[in-house]
Amino acid sequence: MAVICLLCLAGCTPQKEVKKTLTVLSWNVWHGGHSKTYPGKGCEGTIGILKKSNADVILMVETYGAAPMVADSLGYGYHLISDNLCIYSRYPILEKYAFPDSISTFNFGGVKIDMDGTPVRIFDTWLHYLPDMRLAPTDKSEEEILAWEREGTRDDEIGKILSVLRPMLAEADSIPVIMGGDFNVHSHLDWTEATKDLYNHGGAVVHWPVSVAMEEAGFKDSFREINPDPAQKLGVTWLTDADSLETERRMDRIDFIYYQGKTIQAMESECYDNSLGKTFSFKGEDFFYPSDHGFVLSKFEIE
C-alpha cells in the first residue's frame, strides 16, 4: 500500500519545465550576396555560412531578391518584410508584423514563431546609414558628437520602433522579444572610459542615443551581456575605411541582437567579421566572404 502511495505521489509531482535553446543570426549580407562585384561566389558564400551557423532564425538585411533561394537552401520558412528585410525560421511562423503607418517596412518588421509550443516574437531592423559612423567627429566634445548624430534620422526611427513595440514589450515576460539587425550606429556600451583611446575612438566617451533608448526600453544587448568588457572584446562587425569597402582601418560594432523577457536568457554570443571578398574560416570550414558587414550569432535559453 505504501509503495502504491509513493508511486501516486511521484506521478502527481509537477515536472520541471524543460528549457529550449534558440540560436539567432543577424547579418547584413550586402546586396543579397549577389552583387555584380562578386557574381556567383557571393551567393555561395552567403548560403554556405548561413548553413554552417546552424542558426534557427536568421535576420537578414539587404535581402534584395535572395529570399527564395536562401530559404530553399536552408529548408526554412521565411517572411519577406520588404526588399531589404527578411526573417528565415526553422520553426513555423504564426504571425507577421508590420507597422507601415508608423515606420517603413524597409526599416522594421517581424514575426511570431512557434518554437515547439513556445511563442517568441522576433524583429528585423535597419536604421539609416547617415550620418556615416566612420566619420564621427571624435575630436569634438560629446555634446558636439551627439549633435552630429542627431542630424540624421536614426533617433526618430528607433523612437517610432519602440513606440509600436510597446504593447508587445508589455507582454515580453510571457512572450519573449528578440530584436536584431543593422543599426548603423555605435553603442554607448562600447564607447566608455576604458575604450576611449582604443578602436579609433579618438579619446571620446559617447552615450550614443539609439543604444541608450534600447536599454531604457528594457532590452539587453546579447553580445555585450556575454562579453561585458569592451576593452578586451569590442565585437567588430564593420571593418572598412570611410573611403573603401576593401580597406580595413575602422573597428566598429554597429550590428546587434537585443532581447527582453523573464523567460529568455542569452547563453552565448559572438560577432564574426572578415574582409569582403576574402576567405573566411568558420567552424572548421573555409568560405568566400560576401559582405562588408560582420554578423552576430547569439544563443538563447527559453523556458
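## Packing of H2 on H3

Helix H2 (residues 41-53) packs against helix H3 (residues 67-74) at an angle of about 40 degrees, and their axes are 10 Å apart. That angle makes H2 oblique to H3, since angles under 35 degrees would count as roughly parallel. The crossing of the two helices is right-handed. On the H2 side, Cys43, Ile47, Leu50 and Lys51 make the contact; on the H3 side, Met69, Val70, Ser73 and Leu74 do. By class, the residues of this contact of H2 with H3 comprise six nonpolar, one polar and one charged.

## Confidence of the model

The structure is a predicted model. The mean pLDDT of the protein chain is 93, and 94% of its residues reach 70 or more. Residues 3-10 depart from this level: their pLDDT stays under 50, and the model has zero contacts beyond four places in sequence for them. Where pLDDT is low, the predicted coordinates should not be read in detail.

## The sheet containing E1 and E2

One open sheet has six strands in the order E3-E4-E2-E1-E16-E13, and its pairing is mixed. E3 and strand E13 (264-272) stand at the edges with a single partner strand each, so one side of each has no neighbour in the sheet. On average, neighbouring strands of this sheet are turned by 15 degrees against each other, direction ignored.

Within this order, strand E1 (residues 20-28) and strand E2 (residues 57-61) run parallel and are joined by five bridges. Leu25 stands opposite Ile58 in E2. H2 packs on the sheet, where it touches E1, E2 and strand E16 (295-302), and the direction of H2 makes about 160 degrees with that of E1. H2 therefore runs roughly antiparallel to E1, as angles over 145 degrees are classed that way.

At the E3 end of the order, strand E3 (residues 77-80) and strand E4 (residues 85-89) run antiparallel, joined by four bridges. The two strands form a hairpin with four residues between them. Tyr78 has Tyr88 in E4 as its bridge partner.

## The sheet containing E5 to E9

Another open sheet of six strands has the order E5-E6-E7-E8-E12-E9, again with mixed pairing. Its edges are strand E5 (93-97) and strand E9 (220-221); each has a single partner strand, so one side of each is left without a neighbour in the sheet. Strands of a sheet pair through backbone hydrogen bonds, either parallel or antiparallel.

At the E9 edge, the partner is strand E12 (residues 255-260), which runs antiparallel to E9 and is joined to E9 by two bridges. Asp221 stands opposite Tyr258 in E12.

## Helix H5 and its neighbours

Helix H5 (residues 154-169) lies across five strands: E5, strand E6 (108-115), strand E7 (118-126), strand E8 (177-182) and E12. Relative to E8, H5 runs at about 160 degrees.

H5 also packs with helix H6 (residues 209-216); their axes come within 9 Å and cross at roughly 15 degrees. That makes H5 roughly parallel to H6. H5 passes H6 in a right-handed crossing. Arg154, Asp155, Ile158 and Leu162 in H5 meet Pro209, Val210, Ala213 and Met214 in H6. The contact of H5 with H6 has six nonpolar and two charged residues, with no polar ones.

## Backbone exceptions

Most residues other than glycine have a negative phi, and most peptide bonds are trans. Two places in the loops next to E7 depart from these tendencies.

Which conformation does the peptide bond from Leu130 to Pro131 have? The bond is cis, with omega near 0 degrees. Pro131 is in the loop between E7 and helix H4 (142-149).

Asp116, a residue other than glycine, has a positive phi, near 50 degrees. Asp116 belongs to the loop between E6 and E7.

Definitions and conventions:
Residues numbered from 1 in each chain as written. Predicted model: local features only at pLDDT ≥ 70, side-chain atom pairs only at ≥ 80, totals over all residues. Heavy atoms only, no water. Axes fitted to C-alpha atoms, helices over the stretch in contact; angles between N-to-C directions. Parallel < 35°, antiparallel > 145°, perpendicular 65-115°, else oblique. Left-handed = near helix turned anticlockwise from the far one by under 90°. Contact = heavy atoms within 4.5 Å. Nonpolar A, V, L, I, M, F, W, Y, C, P; charged D, E, K, R; others polar. Pairing = 2+ DSSP bridges. pLDDT = per-residue confidence, 0-100.
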